[in-house]
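Colleague: Could you take me through this model before I start on my own notes?
Modeller: Gladly, have a look at it here.

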Number of protein chains: 2
Amino acid sequence: MANETRVAWEPLKEFTVEVFTRMGMPPQDAETEASVLSWANRRGVDSHGVMLIPTYMEWIDREVMNPRPDIQVLKETPATIFIEADRALGPVVTVFTVKRALEKAKQAGVCWAAIRNTTHQGAMGYYTLMAAEQGMAGITWVCSPPNMAPFGARAAGIHNSPLAITVPAKRHQPLMLDMATSMVAAGKITLALDKGIPIPQGWAIDREGNPATDPKQAAILLPFGGAKGSGLSMMFECLSSVIMGNPMLGPTLFGREPGPPLKEKKVKAIGDRPAHYQRHIQNGVFIAVDISQFTDLEEYRANIDEMIDGIKALPKADGIDEIFVPGEPEYRTYEERSRDGIPLPERTVKNLREVAGRLDIKLPAALAA
Amino acid sequence: MANETRVAWEPLKEFTVEVFTRMGMPPQDAETEASVLSWANRRGVDSHGVMLIPTYMEWIDREVMNPRPDIQVLKETPATIFIEADRALGPVVTVFTVKRALEKAKQAGVCWAAIRNTTHQGAMGYYTLMAAEQGMAGITWVCSPPNMAPFGARAAGIHNSPLAITVPAKRHQPLMLDMATSMVAAGKITLALDKGIPIPQGWAIDREGNPATDPKQAAILLPFGGAKGSGLSMMFECLSSVIMGNPMLGPTLFGREPGPPLKEKKVKAIGDRPAHYQRHIQNGVFIAVDISQFTDLEEYRANIDEMIDGIKALPKADGIDEIFVPGEPEYRTYEERSRDGIPLPERTVKNLREVAGRLDIKLPAALAA
């Protein structure tokens with residue numbers, strides 16, 4: 001791409017730590033946030049990387065996100081933990097929760113963690129990878145107010161609940177599924193907008209419920225797999241938000257704001273973003289399963305390797321060069337970008353320069369004007 | 001349908017109990033099996049109803065299914081239970097496991113149950129409904145040897161892992177998602193075969209990996225949602241079979257029989273069935289979450305109702321008469337068939353007559369020749 005600038009991930013991460021420290025976060029929390037953002041960029045999931053910095057700054061300014069949350073354990077058993085996030089930045093409360101959940105799973109075999117009133121979690125695979133790195137299986141998903149049409153409807157009624165599942169392997173990288181229940185993530189539509197190209201039919205509808213191929217008109221996502229994706233996303237809300245007494249869909253469908261009341265603050269934003277970014281709240285679930293309580297962990301890893309080897313060796317469908325397992329293409333990008341740097345689009349670079357100017361901090365040399 | 005015979009569900013269930021008792025099952029287990037089969041028929045899921053009786057008889061004769069299994073608890077913690085099914089008929093070991101899991105979840109908040117070496121579970125929603133009836137959320141899935149092509153492959157490598165999730169509501173029936181990760185269940189292809197109609201492209205491929213629209217040629221299922229459904233089904237195997245040290249995919253991909261060794265017995269079968277029915281083994285996971293440990297159960301039920309009301313009231317897409325939530329169409333059929341009887345196709349009736357003749361038991365009067 002002609003209008004991209006490559007920057008090494010380390011200085012970009014250091015810059016990000018500095019941004020969030022200036023925005024009022026304790027240095028350790030700013031470090032966590034920067035780790036999750038830069039991890040997403042390294043994996044090629046740029047929609048969940050540093051392009052979000054201006055949005056997060058705006059959300060902190062508007063008190064949608066809380067840089068110094070009072071995170072509380074509301075309830076716990078040996079196998080569950082229920083956390084009030086107090087609008088913490090997603091990575092802060094989620095990393096906190098995952099650490100506790102992994103400890104519990106080591107004892108009880110499983111832990112079901114519920115996180116109430118968190119905000120944008122970023123790249124979900126990050127958290128489930130924490131489980132895999134300790135020899136456990138990790139499962140997570142989040143639910144927010146509606147951004148997707150249920151099967152059969154022409155208006156938003158459900159959320160495209162991103163989810164991630166990761167398990168450890170041996171020779172291979174951990175298997176990591178990281179997806180949403182929509183045909184595509186909203187970020188892919190923003191990307192089409194930036195590139196000035198149309199989107200395929202079936203990705204989204206406009207505000208009136210008509211098929212949208214112009215990304216500017218695309219207002220409501222469509223579920224993957226029709227009734228199946230639609231049903232899955234509905235059940236995710238029932239298994240998270242509603243169990244936490246903090247429903248996201250029902251109240252919105254009847255015109256009430258979900259989650260705790262927010263002061264509406266007008267602030268000067270950096271860059272522009274889609275309307276659904278104006279307010280943000282979500283609930284998350286994280287489940288850890290301690291594999292070694294059921295089977296030998298080394299045998300498990302070898303069995304996962306065998307499955308991966310077998311699947312990759314299958315005869316390929318027409319037009320397919322290689323059969324990939326979940327997380328594999330992203331891991332290749334991760335290796336490449338960790339070594340060669342992260343290519344940032346012109347618009348992201350422009351926004352980060354404005355961020356640096358406003359906070360009076362130094363940009364990585366590669367990004368300086 | 002001209003060639004259907006209606007039969008009340010109670011005598012059909014009694015007949016089914018008698019069949020499985022004669023096949024060597026303890027009366028109480030035969031009762032469980034008959035409950036699950038007749039429940040599927042009442043919900044309109046005929047592919048999982050009494051049409052399976054001849055298949056199950058053949059499997060019992062061939063010692064694929066064990067009518068008198070030695071079900072063992074291999075390991076348990078306050079929040080997990082790991083069961084060896086000894087090739088029990090699915091409903092027998094699963095109902096046994098669900099009861100224990102619900103007790104554990106009442107204490108620990110959650111229970112993760114793993115069932116190794118079970119056989120055909122039947123209609124999965126039955127088990128998660130047991131959770132919902134006790135005010136809990138239930139999640140379950142099973143994994144068997146490959147019957148579906150991973151995204152990008154033209155051969156079988158993954159299984160279309162049926163799954164079910166059920167949560168309780170208040171005025172409404174429990175929300176019940178009961179699906180597989182394939183475009184359609186294999187039963188829908190068998191149904192097209194019986195009806196002599198083609199299947200749509202995208203449902204299945206033939207043995208050589210070419211698109212199949214002739215149901216006779218359809219040998220391998222295709223995943224729903226492309227890479228997403230494919231990835232989900234792979235992760236289900238990793239979270240069930242592989243955690244239990246009893247992988248279904250890896251060994252098959254390298255030409256080894258998965259599961260415990262079976263004696264191959266030649267038997268005389270009743271009716272004919274697809275080749276993939278020749279051998280059967282699977283592993284299952286059941287998860288219970290005790291809602292009342294996180295929020296007030298009555299409030300939960302009311303919130304689910306509100307979500308359902310809101311979704312059903314959304315503006316409808318073109319060509320849609322009513323927006324359904326998961327499990328709703330099946331519940332309407334359940335009410336109708338519980339009242340008016342179950343319509344059985346000619347072929348099923350013919351097979352059940354042969355069953356009655358072989359076992360020397362009386363058919364329900366409506367089905368007698």
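Modeller: What follows goes through the contact between the chains, then the sheets, then the salt bridges, and please keep in mind that this is a predicted model.

Colleague: Okay, interface then. How many residues does each chain put into the contact?

Modeller: Chain A gives 79 residues and chain B gives 79 residues. Between them the two chains bury about 6,300 Å², with 78% of it on carbon and sulfur atoms. On the side of chain A, K228(A), M235(A) and F294(A) lose the most area to chain B, and together they make up 12% of what that side buries.

Colleague: And how many salt bridges cross it?

Modeller: The rule finds four salt bridges across the interface of chain A and chain B. In one salt bridge the side chain of R154(A) meets that of D318(B), at 2.9 Å from N to O. Polar contacts across the interface come to 20 residue pairs, both residues being at pLDDT 80 or more. Sorted by class, the side of chain A that touches chain B has 53 nonpolar residues, 16 polar ones and ten charged ones.

Colleague: Switching to the fold: what is the strand order in the sheet of chain A?

Modeller: In chain A, seven strands form an open sheet with mixed pairing, and the order is β2-β3-β4-β10-β5-β6-β7. The edges are taken by β2 (72-77) and β7 (175-179) of chain A, and each has a single partner strand, so one side of each is left without a neighbour in the sheet. From one strand to the next, the twist averages 10 degrees.

Colleague: How does the β2 edge attach, parallel or antiparallel?

Modeller: In chain A, β2(A) and strand β3 (residues 80-84) run antiparallel and are joined by five bridges. Within that pairing, V73(A) stands opposite I83(A) in β3(A).

Colleague: What about β2 and β3 in chain B?

Modeller: There, strand β2 (residues 72-77) and strand β3 (residues 80-84) of chain B pair in the antiparallel sense over five bridges, and V73(B) stands opposite I83(B). A hairpin through two residues joins β2(B) to β3(B).

Colleague: And the rest of the chain B sheet, what order does it have?

Modeller: The open sheet of chain B has seven strands in the order β2-β3-β4-β10-β5-β6-β7, with mixed pairing. At its edges stand β2 and β7 (175-179) of chain B, each with a single partner strand, which leaves one side of each without a neighbour in the sheet. The partner pairing of strand β6 (residues 163-167) of chain B with β7(B) is antiparallel and has five bridges, and T166(B) has M176(B) as its bridge partner in β7(B).

Colleague: Which helix of chain A packs on that sheet?

Modeller: Helix α7 (residues 227-239) of chain A does, touching β5 (136-143), β6 and β7 of chain B, and its direction makes about 45 degrees with that of β6(B). In the other direction, helix α7 (residues 227-239) of chain B lies across β5 (136-143), β6 (163-167) and β7 of chain A, at about 45 degrees to β6(A). From within chain B, helix α5 (residues 125-132) lies across β5, β6, β7 and β10 (282-290) of chain B, running at about 20 degrees to β6(B).

Colleague: Last thing, how many salt bridges does the structure hold over all chains?

Modeller: Over all chains the structure holds 42 salt bridges. One of them is formed by the side chains of K170(A) and E298(A), at 3.8 Å from N to O. K170(A) lies in the loop between β6 and β7 of chain A, while E298(A) lies in helix α9 (residues 297-312) of chain A, so the pair ties together parts that are 128 residues apart in sequence.

Key
Residues numbered from 1 in each chain as written. Chains lettered and ligands numbered in written order. Predicted model: local features only at pLDDT ≥ 70, side-chain atom pairs only at ≥ 80, totals over all residues. Heavy atoms only, no water. Contact = heavy atoms within 4.5 Å. Buried area = accessible area lost by both parts, 1.4 Å probe. Polar contact = N/O pair within 3.5 Å; in protein donor to acceptor, adjacent residues only side chain to side chain. Nonpolar A, V, L, I, M, F, W, Y, C, P; charged D, E, K, R; others polar. Pairing = 2+ DSSP bridges. Helix = DSSP H or I, 4+ residues; strand = E, 2+ residues; numbered from the N terminus. Axes fitted to C-alpha atoms, helices over the stretch in contact; angles between N-to-C directions.
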